[in-house]
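Visitor: Mind going through this one with me? Let's start with a sheet.

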Amino acid sequence: MKKILVIGATGMLGTPVTIELDKAGFEVTAMVRNMKKAKQTLPESIRLMEGNLESIVDLEAACQHQDYVYLSLSTAPNEKNKAFKTEIEGIQNVIHAAKKTEIQRIGYLSSIIRRFQGFDWWVFDIKNLAVDLLKGADVPTTIYNASNFFENLTGQMLAGSNVLLIGKQETQSWWISGHDYGKMVATSFQADEGDQEYTIQGPKPYSFDGAVDVFVEHYPHKKLTKRRAPLWFMKLAGKVSAQVNFGWHITEAINQYPEQLEGEEAWEKLGKPNTTLGEFAENA
């Protein structure tokens with residue numbers, strides 16, 4: 001049985017991947033900062049280790065006797081001027097520990113949107129540098145450049161009885177469920193073939209408006225209402241709030257990014273995702 005360490009296992013997207021790795025037969029260890037949250041979030045079959053990405057000692061201990069490492073990381077809005085950046089210094093620490101403990105592969109969740117050329121942004125610089133660091137690490141890597149996730153609807157856009165939209169998306173995204181993505185990750189580690197980079201997309205494209213309409217139609221727990229705020233207001237508020245400024249940049253990039261279907265190679269090698277947005281909403 002192959003062993004895999006997951007860092008970021010309790011996050012919105014880390015949890016479904018961790019669950020699918022466990023279902024696929026991997027012996028999964030999660031390095032977590034909050035043991036209480038991990039016990040509430042993850043199945044009992046997941047081995048838990050307390051540790052911090054900033055600690056080389058913690059990482060080396062977690063990587064011992066593991067075959068693979070999977071990273072589900074995110075850059076926080078307040079990291080711009082901090083010395084430690086999760087997806088730079090954190091990844092450098094992981095690479096150091098992986099080499100020392102002879103890890104066979106590192107997998108990393110990235111984003112299609114990091115390619116956006118509409119404006120310069122420090123977060124995109126970090127995400128692109130993170131990919132470059134991993135590609136140059138002298139450890140086999142798999143990079144997953146993902147589109148929008150269904151989980152964004154429940155984890156970020158659903159507020160009480162409202163589903164919140166900012167501005168209007170001029171394009172479409174190929175939305176995918178976290179569990180379908182997790183199955184693809186598991187298959188990629190089972191194949192374990194050289195350096196790989198995949199575009200991760202779901203079976204059907206939606207604009208944000210279209211996705212919310214389907215979600216509202218199928219959500220079974222209560223009646224939901226679609227609400228919209230103007231993008232200019234978020235941009236203005238972002239001048240005094242790092243959190244809002246961060247959200248404005250992401251929303252503006254997604255609203256404009258001309259995403260095309262590129263995921264067919266990943267479907268062929270890793271399996272085509274089949275969870276529909278309606279099914280996700282019905283089980284949310």
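Visitor: Which residue is the bridge partner of Ala 159 in strand 8?

Guide: Asn 162. This is a predicted model, where local features need pLDDT of at least 70, side-chain atom pairs count only at pLDDT 80 or more, and totals for chains, interfaces and linings use all residues. Residues are numbered from 1 along each chain as its sequence is written, and side-chain values use heavy atoms, leaving out hydrogens and water.

Visitor: How do strands 7 and 8 run, and how many bridges join them?

Guide: They run antiparallel, with two bridges between strand 7 and strand 8 (residues 162–166). Strands are DSSP runs of E, at least two residues, and helices are H or I, at least four, numbered from the N terminus. Two strands pair if DSSP finds at least two bridges between them.

Visitor: What's the strand order in the open sheet?

Guide: 7-8-12, three strands with mixed pairing. Strand 7 (158–159) and strand 12 (225–229) are at the edges with a single partner strand each, so one side of each has no neighbour in the sheet.

Visitor: OK, new topic. How many cavities of 30 Å³ or more are there?

Guide: One, with a volume of about 50 Å³. On a 1 Å grid over the protein atoms alone, a cavity is a set of points where a 1.4 Å probe fits but cannot get out, and lining residues have an atom within 4 Å of a point. Points are joined across faces, edges and corners, and the volume is the space filled by probe spheres set on them.

Visitor: Which elements each supply at least two lining residues?

Guide: Helix 7 (178–191) and strand 10 (196–200). The lining of this largest cavity includes Arg 105, Ser 188 and Tyr 198.

Terms used
1 Å grid on protein atoms, 1.4 Å probe; cavity = no way out; pocket = protein on both sides within 12 Å on 5 of 7 lines; lining within 4 Å.
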